[in-house]
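Trainee: Could you take me through one part of this structure closely, namely the sheet and what lies across the strands?

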Amino acid sequence: MHLPVAEAEVAPCCPPLSERPYTAEEAERSVPMFKALGDPIRLRLFSAIASHERGEACVCDISDVGVSQPTVSHHLKKLREAGLLASERRGTWIYYRVEPSVVAAMSQLLRPPPVSGLPLE
């Protein structure tokens, strides 16, 4: 029997960037996820996991990013520490999945301001 997974309500750390300037505390809470994604290898790994057809990816499926396997593991660890990925060991392999609540929070942070009164092009 397959049970549906209920996603937790997301309580973003901070308001959308377009709402008001961040406080120092809000900026400190947002930095780890943006810093983790600021590396091209990490961004490629994150994208490979997020776009994988099963919703999760074995490290063996995503390690072809032009660096050694230990370097891939280092980058995946940084993404996990930033809260962007969850992992689960199955036998000798580790499977990664994107944390939906973090992606939702990032989406909230990056939500554009409402456009009003501007002509459409």
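Mentor: What follows is a walk through the sheet, strand by strand, and then the helix that lies against the strands.

This is a predicted model, in which local features need pLDDT of at least 70 and side-chain atom pairs count only at pLDDT 80 or more, while totals for chains, interfaces and linings use all residues. Residues are numbered from 1 along each chain as its sequence is written, and side-chain values use heavy atoms, with hydrogens and water left out.

The sheet is open and has three strands in the order S1-S3-S2, with antiparallel pairing; strands here are DSSP runs of E of at least two residues, helices are runs of H or I of at least four, and both are numbered from the N terminus, while two strands pair if DSSP finds at least two bridges between them. At the edges are strand S1 (57–58) and strand S2 (85–90), each of which pairs on one side only. Strand S2 and strand S3 (residues 93–98) pair in the antiparallel sense over six bridges, with Leu85 standing opposite Val98 of S3 and Arg90 having Trp93 of S3 as its bridge partner. In the hairpin of S2 and S3 two residues lie between the strands, and Gly91 takes a positive phi near 65° there.

Across S2 and S3 lies helix H4 (residues 69–81), which runs at about 125° to S2, where axes are lines fitted to C-alpha atoms, for helices over the stretch in contact (heavy atoms within 4.5 Å), and angles run from 0 to 180 degrees between N-to-C directions.
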